[in-house]
Amino acid sequence: MKDLFSVNQLTKDDVGKIFEIAKIYKEKFNAGEKKFNDLRGYSVLLVFFENSTRTRTSFELAGKILGADTINITASSSSVKKGETLYDTVKTLEALRSDFIVIRHSMSGAAKVVADSVESHVINAGDGTNEHPTQALLDAFTILEKKGKIEGLKIAIVGDILHSRVARSDVKLFKKLGAEVTLCGPITMLPRHFEALGADFVTTNLEEALKDKDVVIFLRIQLERQDKPFFSSLREYSIKYGLSQEKINLLKEDAVIMHPGPVNRGVELQSELVYGSRSLILNQVENGLFIRMAVYKYLLS
Ligand code: CP
């Protein structure tokens with residue numbers, strides 16, 4: 001595997017191997033080993049055409065911990081501003097001998113286009129509403145760490161499914177690993193083809209979605225991708241689909257909540273629940289580092 005642009009490329013075996021590598025890195029890191037030489041002599045170019053905190057920082061840190069030289073390229077400070085195409089931008093980066101190109105772009109399919117255009121390893125850090133494969137890997141790794149298994153778990157994904165690349169990658173990966181997946185959100189934000197992607201249940205009723213679940217993942221309302229209103233107000237959305245202290249009582253006693261971030265506090269989750277006892281949000285961020293280290297290593301091997 002030269003590139004990682006979609007969860008579709010991964011077999012269950014690939015996922016198991018990536019998790020194994022991530023687990024070893026995490027154990028060694030926690031034992032005090034803070035630097036590895038696995039990417040020494042390699043260059044990692046982080047090309048982000050959309051904003052990011054978690055993904056960009058963890059890919060950069062992961063590269064640095066593994067000994068790579070990392071360089072950040074943002075659309076606002078690159079020749080994209082002068083009208084250079086995506087193709088010419090990445091061919092230029094390839095000519096500069098980039099070993100890895102980590103790309104985030106607003107166009108669905110951008111990472112695949114880039115992967116097919118260059119010899120460098122290409123990793124999709126989020127392409128439009130299409131996919132975010134390393135987010136799905138870190139989500140599944142976090143669930144596995146907490147629950148000891150994925151197979152047979154009941155997982156609900158709640159919110160702006162229509163615009164969510166995380167939902168698309170999560171559904172594919174959770175199904176591959178044997179979980180039962182329910183999608184929940186306003187009818188305007190539930191694309192029908194999600195059932196075709198493999199989701200087991202789709203509902204517009206949050207109470208129904210919360211019942212009996214082992215894991216509930218809340219998604220950010222992506223106002224930047226909404227060219228028309230999909231619900232009447234954020235207040236109405238939070239009343240119907242946001243998690244409150246009261247609604248948390250509908251969850252199973254050992255159920256956990258997750259969110260890929262960034263959170264709209266008071267919309268998807270009541271503020272005090274963001275880092276509450278049920279929340280794995282910071283575990284997701286932490287595991288993002290080790291999963292991205294593992295993905296670099298796996299693509300090299
Ligand atoms: N989860 C995620 O992709 O977050 P960022 O946009 O901060 O990278």
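**Exposed, buried, paired: how the labels are earned**

Me: What do you call Arg235 and Ile239 on α9, buried or exposed?
Reply: Both are exposed, and they sit on the other side of α9 from its buried residues. To earn that label, a residue needs over 50% relative accessible area. Bear in mind that this is a predicted model.

Me: Which residues of α9 are buried, then?
Reply: In α9, which runs over residues 234-241, they are Tyr237, Ser238 and Tyr241. The label calls for under 20% relative accessible area.

Me: How do you know that these buried residues are on the same side of α9?
Reply: They cover an arc of only 95 degrees around the axis, so they end up on the same side of α9. What they pack against is β5, β6 (180-184), α8 (206-210), β8 and α10 (245-248).

Me: Why is lysine 82 called exposed?
Reply: Its relative accessibility is 72%. The cut-off for exposed is over 50%, so lysine 82 passes. You'll find lysine 82 in the loop between β2 (69-74) and α3 (86-95).

Me: UniProt puts a "binding site" feature at Lys82, Arg165 and Arg220. How do you know that they don't all gather at one spot?
Reply: The farthest two C-alpha atoms are 31.9 Å apart and the set spans 139 residues in sequence, so one spot can't hold them all. From this set, Arg165 and Arg220 are in the lining of the largest pocket. The annotation itself comes from an unreviewed entry.

Me: What is arginine 220 in contact with, beyond its neighbours within four places in sequence?
Reply: Asp160, His259, Pro262, Asn264 and Glu268. Contact here takes heavy atoms within 4.5 Å, so each of the five has to meet that cut-off with arginine 220. Arginine 220 itself lies in the loop between β8 and α9.

Me: What makes β5 and β8 a pair?
Reply: Pairing takes at least two bridges, and β5 (residues 154-158) has 4 with β8 (residues 215-218), so they count as paired, in the parallel sense. One bridge joins alanine 156 to valine 216 in β8.

Me: And why are β7 and β9 called edge strands?
Reply: The open sheet has 5 strands in the order β7-β6-β5-β8-β9, with parallel pairing. Strands β7 (201-203) and β9 (256-258) each pair on one side only, hence the name. From one strand to the next, the twist averages 20 degrees. Helix α5 (residues 133-147) packs on this sheet and touches β5, β8 and β9, with its direction at about 165 degrees to that of β9.

Definitions and conventions:
Residues numbered from 1 in each chain as written. Predicted model: local features only at pLDDT ≥ 70, side-chain atom pairs only at ≥ 80, totals over all residues. Heavy atoms only, no water. Axes fitted to C-alpha atoms, helices over the stretch in contact; angles between N-to-C directions. Buried < 20%, exposed > 50% of the residue type's maximum accessible area, 1.4 Å probe, protein only. Arc of directions from axis to C-beta. UniProt positions renumbered as here; feature names shortened; annotations may be inferred. 1 Å grid on protein atoms, 1.4 Å probe; cavity = no way out; pocket = protein on both sides within 12 Å on 5 of 7 lines; lining within 4 Å.
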